[in-house]
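Got your viewer ready? Here is a walk through the model, one selection at a time.

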Amino acid sequence: MFVPLAQSLVFGLLVGALYGLAAVGLSLVFGVTKFLNVAHGELLMLGGYASFWAFTLRGVDPFLTLPLTMVFLLVIGVVLYKLLFAHMVKLTEEAKIQNTLLVGFGLSLILQNVALRLWTADTRGITTSYSRMAFTFLGVRFPIVRVASLGIALIALFALDLFLRRTYTGKALRATVENWEAATLMGIDIQRVYLLSFVMGAALAGAAGCLVSVGYSIDPGMGMSWTLKGLIVMVLGGLGSFMGTFVGGIVLGVTESATGYFLTLTYREVVGLVLFILVLVFRPQGLFGTKER
Amino acid sequence: MGRKQVIFIALLIAILVLLPVVVKKDNIINLALLVLLYICLASSWNILGGYTGQTNLGHAAFFGLGALSTRFLWMSGWSLLPSVLAGGLLAVAFALLIGIPAFRLRGVYFAIGTLALAQILYITVGNVFSDISSLRPQDLATYQLVPRYYFFLVLALLITGTTYLLVNSKLGLGMMAVREEEEAAESLGVSALKHKLLALSISAFFAGLSGGAFAYYHVGYYPRFPFSPEWTFDSMMMVYIGGAGTIIGPIIGALFFVVVRELLALKLVELHLIVFGILFILVVLFLPGGFVEAWKKMQAAFARRSKERGVKVSFQTTDD
Amino acid sequence: MRARLVTMMVVVFLVSALVTNCAPTPTQAPPTEVVKPTETPKATEAAKPTETPKPTEVSLPPAPEFIEVGASIPLTGKFGSLGTQVKPGYVFAVQDINAAGGVYVKEYGKKIPIRLTIYDDESDPTKAVSKLETLYAEQNVVAYLGGAGSDMHAATAAIAEKNKVPYLGIAFALYSIHQQGYKYLFSPFPKSPAQARDVFEILNAEIPEGERPTKIAIFQEKTDWGKELCGLWKENAPKYGYEVVVYEQYAPKTEDFSDMILKAKAAGAEALFGMPTQPDGVAMFKQMAELGWTPKFSLIIRAPENVTWGETLGTVGEYVTIFPGWHHGEKFPGVEELNAKYQAEFGRPADLLTGPAYACVQILANAIERAGTLDRDAIRDAIAATDMMTVVGPVTFNADGTGNVLNPLIQWQNGKLELVWPKDQATADFFYPAPPFDQR
């Protein structure tokens with residue numbers, strides 16, 4: 001009784017951490033810039049492929065390539081921002097959301113199909129030599145790669161939190177989330193803050209993509225489902241709190257797994273979504289979101 | 001409406017009515033039908049999303065419910081019109097059911113909340129109705145595309161016409177007031193919730209009817225297919241790229257989206273989605289706000305320049 | 001100003017209608033000239049009874065330049081990985097036939113080359129319908145070749161039925177599509193009933209009693225094919241002396257299979273039957289390895305059919321068996337040439353779906369030759385009467401359009417797909433039992 005449930009939760013925890021990581025990136029970008037980048041899932045896909053090719057062609061361990069993957073996505077983020085999103089900075093909030101949605105949609109079509117041309121539509125993933133290893137505690141198996149992935153997700157998150165709380169730039173970023181007009185008056189360079197949050201979001205997507213390719217699989221069309229999951233988790237956690245977003249991801253992942261255990265695997269996603277709706281009914285600002293003015 | 005406009009609209013309708021008579025090719029009629037289908041979907045989304053300012057990402061749920069119930073009733077022997085109407089009403093019932101809790105949410109919370117609702121239906125329908133719904137060989141032997149085309153044409157005219165009447169009514173003004181500033185509208189005695197609910201119901205009703213028409217049109221699909229989020233996103237993109245909160249916007253958007261994409265697919269085969277993506281982004285970057293706004297800006301610029309040169313402006317910009 | 005917009009719209013609409021009207025652009029064979037929709041087949045129908053060898057040369061109608069054949073394939077979107085295996089099969093077969101001058105059509109007394117037009121339907125049934133209508137109206141095709149996946153075939157086979165165009169399709173094992181009474185749908189591909197029967201017969205023939213994996217776990221995807229195939233497995237198991245100890249359902253795109261795997265482990269299941277999509281299959285096997293449950297035998301249809309399964313899962317993906325419909329190691333005429341051609345272009349022997357796709361064109365060409373005309377109904381009847389050797393072996397069709405074809409069993413061994421059944425075709429011995437994941 002205990003073991004299968006605990007086992008389900010172990011798996012749910014990791015799924016949830018990946019949901020959280022994908023959503024934190026989205027939330028960071030949306031919170032600061034009000035850009036709704038629906039190509040976020042495609043950035044995640046690119047991160048997955050970067051790690052996959054490093055592993056397949058060069059034999060580099062995916063956990064070692066993770067920082068490189070993040071840098072790679074950072075660069076892609078800069079290019080995309082300068083090329084496409086920088087034009088949207090001066091628009092009103094509503095127009096920003098509309099235009100970034102459209103650009104993101106076009107971008108996701110391009111990235112998906114470029115990936116398909118380059119790497120075929122086949123599903124791929126990374127299986128390392130230690131992938132099947134696990135340690136057992138109280139009869140529950142803890143697969144090494146999943147524990148490591150969870151650890152990395154947490155490290156990335158704490159690093160982000162530290163950056164946002166302790167550095168001047170990080171504080172500027174948070175101030176912009178709260179109130180960008182006031183932030184401008186305080187002399188914060190909005191363009192720089194926007195660029196920074198956008199590329200950090202891309203880098204987080206890269207990290208998530210790397211972990212997805214280790215724990216699950218990647219293919220050119222995977223982006224959309226991750227974007228949707230990310231959006232749902234972003235709202236579940238609530239805007240304005242990145243830790244909250246991550247916790248939201250964990251809540252969703254664990255709920256889905258527990259549903260598989262208690263009810264049925266066919267409705268695990270449905271139950272997760274119902275929970276999401278219920279949360280919104282009682283807390284329209286999300287679990288940890290700040291109430292709207 | 002000026003006299004010129006009436007003539008143009010009459011001309012347009014005449015062309016659309018005569019199209020199947022002049023063009024006998026099923027592929028052209030089919031493409032025109034798809035444009036009309038997307039005009040229906042995008043225009044119905046526009047009522048809530050464009051005029052009332054509520055970004056509904058669950059539009060596919062209404063479309064899907066309409067398709068699901070119509071297909072079921074129609075295939076079990078009901079005649080077509082009552083089946084489609086039932087589909088529309090079911091969509092309204094669902095809209096009313098979710099409306100009050102959903103409208104407690106604002107902005108992106110509302111958008112993602114409705115997305116989640118639609119996803120619940122998408123997965124559940126996939127689980128419960130997992131069998132393909134194909135027309136039987138005897139239905140296919142007598143299948144005609146032209147009546148389906150006219151069905152969609154009537155529906156598109158109905159939706160566009162209703163939108164026109166709505167926008168020029170007190171209700172429509174209330175909706176737009178809610179979009180601009182909810183608190184201000186409330187203080188003027190406009191009930192925001194009432195207007196949002198009405199807009200949602202009208203939007204859902206038309207999406208449900210479109211779903212019904214889809215069930216009448218399509219030869220074979222899985223029942224979950226009309227529930228898939230792509231229908232919502234495509235409609236929304238069409239509205240945005242055409243011009244949100246305008247009557248003509250969704251129509252231009254649907255034309256661009258369907259026709260350009262299909263032409264590219266026929267010409268370029270494997271590369272067409274990349275090219276379409278690039279084209280799409282270029283349009284957004286160079287015409288932010290969509291085709292309608294770009295057109296207005298262009299006219300304004302032209303008018304300004306003409307005025308500077310002291311040339312008489314030959315066309316009127318009095319309406320909207 | 002709204003009037004101007006409307007004018008603009010009308011113009012766009014008319015221009016685009018015009019452009020589509022004269023859209024040639026096939027991917028294959030440069031568009032020499034749009035072939036005039038020859039109404040000749042009908043005319044000759046009347047003149048047919050004159051079978052007597054008269055001075056026929058004089059009365060022969062002018063032959064069309066090409067035999068038009070069209071395909072709508074999901075090259076992008078969720079079925080893209082299947083579509084990209086299907087396409088080269090069609091293309092190569094048409095190239096080979098045309099290299100020999102084309103197909104002899106008696107009605108015109110000469111060989112006519114095939115012109116194949118391929119469109120991408122983005123794995124969207126509605127777009128596939130558009131493409132088939134275009135192929136019908138613009139190219140005036142005599143036959144359709146199908147795409148991949150039951151979502152697509154359900155829509156396209158119905159359009160073929162509506163337009164009365166013979167339709168050859170592979171890469172779907174769903175049997176229920178064939179039970180609707182469609183007359184124009186033919187599929188030289190193994191269907192669920194064969195897949196549900198053959199596995200037990202092979203196991204019983206290969207493994208001595210007492211060592212057989214009699215306790216089976218079935219992981220059923222909650223789709224119509226899942227219901228159909230897994231239901232048949234469950235039904236057949238007792239007849240062959242097997243017991244289904246775990247029967248679990250899941251929705252497609254599941255990330256966490258741990259619950260099902262633990263149930264199978266706890267029930268002592270020795271065999272796993274399933275038909276997951278690629279992402280689901282990869283997640284399933286990764287988690288099986290992590291949870292330490294190794295079935296001695298696993299029959300996994302669909303997910304392991306791509307060459308990337310091996311590199312993605314490494315030793316975890318080993319020993320899995322599949323019923324994919326074909327294998328490049330089969331010893332039928334033409335397979336070697338097909339492999340050589342595939343090797344030259346893609347650097348590996350032909351993929352699992354490429355052979356059946358190739359066979360579709362062989363069957364079509366043969367049927368046109370026997371029909372002796374380009375009349376679609378005559379070709380349909382000729383396809384129904386098919387009895388020939390192809391790259392997938394001998395093919396005949398049942399009344400419901402399903403083909404009587406070989407259903408080979410393939411197994412992943414040493415990172416390669418090996419043909420293990422039937423024996424006379426095999427490239428390697430069937431490997432059983434599969435060693436535990438941590439001892440590989």
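Start with chain B and check how its contacts are spread: among those between residues at least 6 apart in sequence, 78% join residues at least 24 apart, where contact means heavy atoms within 4.5 Å. Before you go on, note that this is a predicted model, in which local features need pLDDT of at least 70, side-chain atom pairs count only at pLDDT 80 or more, and totals for chains, interfaces and linings use all residues. Residues are numbered from 1 along each chain as its sequence is written, chains are lettered from A and ligands numbered from 1 in the order in which they are written, and side-chain values use heavy atoms, with hydrogens and water left out.

**Stop 1: all of chain B**

Switch to cartoon view and you'll find 14 helices and two strands in chain B. Helices here are DSSP runs of H or I with at least four residues, strands are runs of E with at least two, and both are numbered from the N terminus. The C-alpha atoms of chain B fill a box of roughly 70 × 50 × 40 Å along the principal axes. Its radius of gyration is 20 Å, in agreement with the value near 20 Å for a compact globule of 320 residues; the radius is taken over C-alpha atoms, and the globule rule is 2.2 Å times the number of residues to the power 0.38.

Color by burial next: 62% of the 320 residues in chain B are buried. Buried means under 20% relative accessible area, exposed over 50%, and partly exposed in between, with a 1.4 Å probe and protein chains only.

**Stop 2: Ala61 of chain B**

Select Ala61(B), which lies in helix α3 (residues 59-75) of chain B. Is Ala61(B) buried or exposed? At 2% relative accessibility, Ala61(B) is buried. Leaving out residues up to four places away in sequence, Ala61(B) touches Phe94(B), Ala118(B), Leu121(B) and Phe227(B). For a distance to try in the viewer, pick the C-alpha atoms of Ala61(B) and Met176(B): they are separated by 24 Å, with the two positions 115 residues apart along the chain.

**Stop 3: chain A**

Now show chain A, with its 11 helices and two strands. The radius of gyration of chain A is 19 Å, close to the 19 Å that the globule rule gives for 293 residues, so chain A is as compact as a globular protein of that length. Follow chain A along the sequence and the pattern reads α-α-α-α-β-β-α-α-α-α-α-α-α. The C-alpha trace of chain A spans about 60 × 50 × 35 Å along its principal axes, and 62% of the 293 residues count as buried.

**Stop 4: strand β1 of chain C**

Move to chain C and select residues 67-73, strand β1. Seven of the seven residues in β1 of chain C are buried, so the strand is largely enclosed by the rest of the structure. In a regular strand the side chains alternate between the two faces of the sheet. Turn on side chains: Ile67(C), Val69(C), Ala71(C) and Ile73(C) point one way from β1(C), and Glu68(C), Gly70(C) and Ser72(C) the other way.

Which strands pair with β1(C)? One is β4 (residues 114-120) of chain C, parallel over seven bridges, where Gly70(C) has Thr117(C) as bridge partner. Another is β5 (residues 143-145) of chain C, parallel with three bridges; there Val69(C) is partnered by Ala143(C). Two strands pair if DSSP finds at least two bridges between them.

**Stop 5: a loop on each side of α5**

Select Glu122(C), in the loop between β4 and α5 of chain C. Its phi is near 60 degrees, a positive value in a residue other than glycine, and Glu122(C) is buried at 11% relative accessible area. Then jump to Asn140(C), in the loop between α5 and β5 of chain C. Asn140(C) has a positive phi of about 55 degrees, and at 26% relative accessibility it counts as partly exposed.

**Stop 6: helix α14 and an open sheet**

Select residues 376-384 of chain C, helix α14, whose buried residues include Arg376(C), Ile379(C) and Ile383(C). The buried residues of α14(C) pack against several elements of chain C, among them α13 (354-371) and β14.

β14(C) belongs to an open sheet of three strands in the order β13-β14-β15 (chain C), with antiparallel pairing. The edge strands are β13 (387-390) and β15 (403-404) of chain C, each pairing on one side only. Zoom in on Thr396(C), whose bridge partner in β15(C) is Asn404(C).

**Last stop: two cis peptide bonds**

Finish with Trp421(C) and Pro422(C), joined by a cis peptide bond with omega of about 0 degrees. Tyr432(C) and Pro433(C) are also joined by a cis peptide bond, with omega of about -5 degrees.
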